[in-house]
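This report describes how two protein chains are arranged and how they meet. Please look at the sequence and the structure before reading on.

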2 protein chains.
Amino acid sequence: MAAPEERPAIRVALLGCGTVGGQVARLLTEQAEELAARAGAPVELAGIAVRRPDKHPELPPELLTADVEQLVTSDDVDVVVELVGGIEPVRGWLLAALKAGKSVVTANKALLAEHSADLFEAADAAGADLYFEAAVAGAIPLLRPLRESLAGDRITRVMGIVNGTTNYILSAMDSTGAGYAETLDEASRLGYAEADPTADVDGYDAASKAAILASLAFHTRVTASDVHREGIADVTAADLAAARMLGRTVKLLAICERVTDDDGVESVSARVHPVMIPRSHQLAGVGGAFNAVYVEADAAGELMFYGQGAGGAPTASAVLGDLVAVARNRVVAGRGPRESAHAALPVRPMGQTPTRYHVSLSVADRAGVLAQVAQAFADHGVSIAAVRQSDVGDRASLVVVTHQAPDAALQSTVDEIGRLDVVHEVVSVMRVEGEDQ
Amino acid sequence: MAAPEERPAIRVALLGCGTVGGQVARLLTEQAEELAARAGAPVELAGIAVRRPDKHPELPPELLTADVEQLVTSDDVDVVVELVGGIEPVRGWLLAALKAGKSVVTANKALLAEHSADLFEAADAAGADLYFEAAVAGAIPLLRPLRESLAGDRITRVMGIVNGTTNYILSAMDSTGAGYAETLDEASRLGYAEADPTADVDGYDAASKAAILASLAFHTRVTASDVHREGIADVTAADLAAARMLGRTVKLLAICERVTDDDGVESVSARVHPVMIPRSHQLAGVGGAFNAVYVEADAAGELMFYGQGAGGAPTASAVLGDLVAVARNRVVAGRGPRESAHAALPVRPMGQTPTRYHVSLSVADRAGVLAQVAQAFADHGVSIAAVRQSDVGDRASLVVVTHQAPDAALQSTVDEIGRLDVVHEVVSVMRVEGEDQ
């Protein structure tokens with residue numbers, strides 16, 4: 001076989017040249033020799049599509065174009081790397097590229113979480129590759145292990161911290177005792193939160209990632225709208241104080257589970273919400289803008305993946321890994337493993353998903369209060385795992401941790417308890433993970 | 001395209017049917033439908049080679065054979081899964097299989113650490129796949145991320161706990177304060193150490209894994225004999241006590257580094273030895289038989305992979321992941337990424353590898369002692385990072401932690417200090433990792 005540098009080059013169209021795209025362009029040039037050796041052929045930029053070519057004096061002018069449609073279907077292009085983000089017009093560009101037989105590498109989680117069916121279909125029809133490692137957990141090699149390394153195993157659970165902004169805010173609230181609004185302001189000031197932080201703090205970003213993870217792990221099409229989503233805006237200093245008192249902390253987790261009901265019927269649950277976990281749990285120690293994802297599989301047991309979840313260079317590393325894989329496939333005229341939704345499991349509504357609750361109450365300090373509260377749990381078929389009562393003046397603090405029950409039953413129990421005369425205040429309600437049941 | 005179950009089956013020869021092989025055979029049968037969907041064709045057992053077929057009443061008799069040579073080259077076989085272990089005669093079998101165009105999946109670290117060059121050459125010549133995820137860190141998807149996900153990045157360091165037996169022993173010594181021999185006996189009694197624990201406790205197993213990791217990470221052929229190897233037999237209760245006093249613990253680590261000297265010349269260092277690390281380090285919390293590996297790359301930054309490093313089912317999970325990948329490649333008449341040793345960096349001898357030492361001394365408690373000890377370090381060009389002295393009766397305890405220096409210089413310094421009159425005893429000498437320099 002010819003030496004890599006003598007083979008026809010794999011020609012790359014780069015869409016978008018911001019923080020990540022700039023790093024991809026830099027590494028493609030600086031690491032050209034390495035990349036050629038690993039891909040089996042030179043990997044070269046054929047063009048860079050940006051909105052305003054005149055705004056990029058740092059890039060070779062002959063590569064710049066504003067005409068994306070032309071670039072993505074150009075005969076001179078083998079692979080399209082998409083780093084623009086958002087759904088339209090990107091969806092149309094990538095479908096056009098795939099139809100023209102180009103392979104696609106993208107970091108676009110929102111698009112994949114909504115329109116993966118169309119995109120996979122177009123890739124299959126054209127025999128082209130669609131890779132997207134950078135869409136979830138930045139630099140952490142996570143999707144390839146799920147798609148490939150664990151392909152012979154049965155994944156039962158994927159749970160992790162997949163959004164750096166919310167992890168930074170919750171870590172800061174935990175260490176300073178400050179409230180949410182104040183901590184968000186500080187995070188914005190320091191550049192850890194965007195000017196409009198909605199996508200992060202309301203959990204949309206994490207929900208897109210949960211949809212992608214659940215789809216891969218369970219071979220089932222799960223979209224962002226299938227994911228139950230709660231952000232961190234309602235997490236209070238009181239929640240973190242309650243967690244701290246019990247040796248726990250609060251994290252925003254994406255949780256994807258295979259649930260088998262009593263009749264043996266399987267379904268998939270995907271959700272994003274704040275969770276109380278023990279401080280001894282591996283995810284509790286993941287601070288700042290890092291991401292970490294826990295995977296449980298029947299044969300492999302517990303696995304954890306940890307690393308930087310965002311940033312130009314880390315995300316570019318994941319993009320280049322995909323680009324080398326796609327280039328290698330082109331060199332051998334093959335393609336990578338296809339996506340599969342063959343299991344097609346139903347998505348379980350949140351209300352029917354088994355969860356556990358931590359409930360912290362301020363109650364009247366008199367006989368019979370615990371009995372009334374306990375009766376409310378019993379009336380909804382919820383079994384109590386632990387109770388802790390302590391007196392504070394003429395009131396008492398009552399903390400209840402439940403066993404697993406359908407989320408809707410837990411929710412109704414909390415609603416009912418809030419209406420009891422003996423309950424002065426529901427101080428904190430939080431789901432619990434990572435403990436023995 | 002035809003449905004997976006209608007395509008010609010991928011036929012598998014299984015060599016060895018012990019703890020791991022038994023699990024592979026079980027999963028191949030139990031997960032047949034899943035595997036077919038993921039591989040794109042049925043994956044079936046064509047035969048199982050065992051030494052004594054009559055000793056396996058649990059397996060289908062028509063599959064059993066003692067004739068390995070015939071099985072591995074049989075026209076009825078597409079893929080050979082080798083779980084026998086050891087170098088000969090396995091090497092011959094696998095070369096014969098590759099030459100006959102069969103793809104190979106193996107968990108054989110000793111063989112890969114010695115003879116990977118022959119095996120890769122045979123695989124390349126035949127256009128066949130050679131996969132070996134299970135050879136390092138059991139169930140943890142580690143080799144595929146190194147080979148593929150990080151293919152566009154520049155890995156600078158791989159450091160981890162890759163041997164469960166020694167990790168169990170060191171964890172137990174740390175928590176009980178007991179000595180090495182006593183703890184090894186207990187580990188053997190509980191089944192955590194083999195009857196002949198040499199391969200584990202003397203670091204041979206970890207050195208094979210270090211060779212495989214260094215080869216993949218640095219695109220350089222590194223064999224087990226290139227790896228500097230020290231086991232845990234000389235780790236004493238005093239070493240662990242010294243570590244504990246400083247908020248550290250001791251782990252047996254495999255460390256693979258890309259080292260650039262002052263002239264900009266790159267080389268590779270691969271070593272296995274006991275190391276003192278801070279208790280706050282992520283590897284410090286990895287207990288019992290778990291494995292964890294830290295990877296540092298230029299663009300991706302720090303990554304960590306964690307999971308079960310041994311055991312029948314976890315290892316079988318890794319084997320099946322490879323088997324599905326190989327089967328997929330067969331279905332599309334392609335092959336996976338080839339190994340590459342294109343960087344061909346020189347291997348740096350241990351003496352020239354930069355390390356840091358922790359030295360704990362029992363010295364005479366009088367003026368001028370510290371000056372003499374400090375002079376010995378200075379004479380060898382070793383710079384001191386921290387000193388701690390405390391009096392115990394008429395003696396003093398002196399702990400020195402150095403900055404980085406060539407390992408040989410540190411070794412000579414320790415030798416010289418041991419000969420000083422004022423030094424009563426060199427209590428503990430241990431390399432240090434995971435701290436700011």
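How many residue pairs are in polar contact across the interface of chain A and chain B? The rule finds 17 such pairs, both residues having pLDDT 80 or more; a polar contact is a pair of N or O atoms within 3.5 Å, where within protein one must be able to donate a hydrogen and the other to accept it, and residues adjacent in sequence count only if both atoms are side-chain atoms.

This is a predicted model, in which local features need pLDDT of at least 70 and side-chain atom pairs pLDDT 80 or more, while totals for chains, interfaces and linings use all residues. Residues are numbered from 1 along each chain as written, chains are lettered from A and ligands numbered from 1 in the order of writing, and side-chain values use heavy atoms, without hydrogens and water.

**The interface**

In chain A, 47 residues are in contact with 47 residues of chain B, contact meaning heavy atoms within 4.5 Å. The side of chain A that touches chain B has the following make-up.

| Class of residue | Residues on the side of chain A |
|---|---|
| Nonpolar | 23 residues |
| Polar | 11 residues |
| Charged | 13 residues |

Here Ala, Val, Leu, Ile, Met, Phe, Trp, Tyr, Cys and Pro count as nonpolar, Asp, Glu, Lys and Arg as charged, and the others, Gly among them, as polar. About 4,100 Å² is buried between the chains, and carbon and sulfur atoms give 54% of this area; buried area is the accessible area (1.4 Å probe) that two parts lose on being put together, summed over both.

Two salt bridges are counted between chain A and chain B, each defined by a side-chain nitrogen of Lys or Arg within 4 Å of a carboxyl oxygen of Asp or Glu. E148(B) and R144(A) meet in a salt bridge at 3.4 Å, N to O.

Strand β12(A) pairs with β12 (residues 301-308) of chain B in the antiparallel sense over five bridges. Two strands pair if DSSP finds at least two bridges between them, and strands are DSSP runs (E, at least two residues), numbered from the N terminus. In this pairing, G307(A) stands opposite L303(B).

**The symmetry**

A rotation of 180° with 0.0 Å of shift along its axis superposes chain A on chain B, with an RMSD of 0.0 Å. This is the relation of a two-fold axis. The superposition is by least squares on the C-alpha atoms of residues with pLDDT of at least 70 in both copies. Of the residues of chain A, F305(A) comes closest to the rotation axis, its C-alpha lying at 2.5 Å.

**A sheet in chain B**

Six strands of chain B form an open, parallel sheet in the order β3-β2-β1-β4-β5-β6. Strands β3 (64-65) and β6 (130-131) each have a single partner strand, so one side of each is left without a neighbour in the sheet.

Definitions and conventions. Helices (H or I, at least four residues) and strands (E, at least two) are DSSP runs, numbered from the N terminus.
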